[in-house]
Amino acid sequence: DRGTIDDNQKCEDMPQGRITSENETIAEIDKTDDGKKDEHLKINYMAHVQNVGWQNQVADGVTAGTTGRSLQMEALKISLDNTTPYEGDISYSTHIQNIGWQKTVTGGNVSGTTGRSLPMEAVKIQLTGDISNYFDVYYRTHIADVGWMPWTLNGQISGSVGLAARVEAIEIRVVKKDDPNKPEITSQKSD
């Protein structure tokens, strides 16, 4: 009986939904919902840092690596947590001093070197597949003796190539293409 509550009845025993109009319940509204409430695209990444090793994973714009400690990043791992209906992945490549551009890797694989004391000098990151039609990947690097480079996106180079200026830290964000709060792209150094 929907109209009475027994003192011994638990919440899970209660009828689901409530009447919002004569024949419509919240449960029925949820069935017609577009289902996007829980959809997200989260970017996770880890930096391998000189004298430190692999740092803890960070996400969505948090700094990986170090600033103000003169420690070079040597490698990077990036992955996506994707609950959107769009297929795709993340691909990335690092430029390593004395080696050059590394082979492009995807979804959580290592780009760069470990145990060789070779600094990362630059990075390129991009989304692949259908997801790249709806989202952009923004990233910026912190360069030794320079500071934060400007935000860049979608496969462009962030860092230095051939200048022996090491990357010390990185921040990465995935943003919907129509998001008004996306990072500003400038040609000047970021704060």
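These legends walk through several close-up views of a predicted model.

Local features are reported only at pLDDT of at least 70 and side-chain atom pairs only at pLDDT 80 or more, while totals for chains, interfaces and linings use all residues. Residues are numbered from 1 along each chain as its sequence is written, and side-chain values use heavy atoms, with hydrogens and water left out.

**View 1. The whole protein has one helix and 17 strands.**
Helices (H or I, at least four residues) and strands (E, at least two) are DSSP runs, numbered from the N terminus. Of the 191 residues, 39% are buried; buried means under 20% relative accessible area, exposed means over 50%, and partly exposed is in between (1.4 Å probe, protein chains only). The accessible surface adds up to about 11,000 Å², and carbon and sulfur atoms hold 42% of that. Those areas come from the Shrake-Rupley method with a 1.4 Å probe, and for residues only the protein chains shown count as cover. Now look at contacts, meaning heavy atoms within 4.5 Å. Among those with a separation of 6 or more, 60% are between residues 24 or more positions apart.

**View 2. Asp 136 sits in strand S13, which covers residues 135–143.**
Is Asp 136 buried or exposed? Asp 136 is buried, because its relative accessible area is just 6%. Its side chain makes polar contacts with two others: Asn 154 at 2.7 Å and Lys 177 at 2.6 Å. A polar contact here is a pair of N or O atoms within 3.5 Å; within protein, one must be able to donate a hydrogen and the other to accept it, and residues adjacent in sequence count only if both atoms are side-chain atoms. Leaving out residues up to four places away in sequence, Asp 136 also has Leu 127, Leu 153, Arg 173, Val 174 and Val 175 among the residues it touches.

**View 3. Lys 177 and Asp 136 meet in a salt bridge, 2.6 Å from N to O.**
The two partners come from distant parts of the chain, 41 residues apart: Lys 177 is in the segment after strand S17 (167–176), and Asp 136 is in strand S13. A salt bridge means a side-chain nitrogen of Lys or Arg within 4 Å of a carboxyl oxygen of Asp or Glu. How many of these does a search of the whole structure find? The search turns up three. Lys 177 is partly exposed, at 32% relative accessible area, whereas Asp 136 is buried, at 6%.

**View 4. Glu 171 and Arg 140 form another salt bridge, with the closest N and O atoms 2.8 Å apart.**
Glu 171 belongs to strand S17 and Arg 140 to strand S13, so this pair ties together parts that are 31 residues apart in sequence. Both ends are covered: Glu 171 is buried at 9% relative accessible area, and Arg 140 is buried at 11%.

**View 5. Arg 166 reaches Glu 168 in a salt bridge, the closest N and O atoms being 3.1 Å apart.**
Arg 166 counts as partly exposed, because its relative accessibility is 22%. Glu 168 is buried, with a relative accessible area of 4%.

**View 6. Strand S17 is mostly covered, with eight of its ten residues buried.**
S17 and S13 run antiparallel and pair over nine bridges; pairing takes at least two bridges found by DSSP between the strands. In this pairing, His 142 has Ala 169 of S17 as its bridge partner. S17 also pairs with strand S6 (residues 64–65) in the antiparallel sense, over two bridges. Here Ala 64 stands opposite Ile 170 in S17.

**View 7. Strand S12 (residues 120–128) is joined to strand S8 (residues 89–96) by eight bridges, antiparallel.**
Ile 90 faces Leu 127 of S12 across this pairing. S12 also pairs with S16, again in the antiparallel sense, over two bridges. There, Ala 122 stands opposite Gly 159 in S16.

**View 8. Trp 101, Ile 157 and Val 161 make up a nonpolar surface patch.**
Together they have about 240 Å² of accessible area. Patches are made of residues with over 30% relative accessible area and no salt bridge; like charges are joined within 9 Å, and nonpolar side chains (Val, Leu, Ile, Met, Phe, Trp, Tyr) within 5 Å. Where does Ile 157 lie? Ile 157 is in the loop between strand S15 (152–153) and strand S16 (158–159). At 45% relative accessibility, Ile 157 counts as partly exposed.
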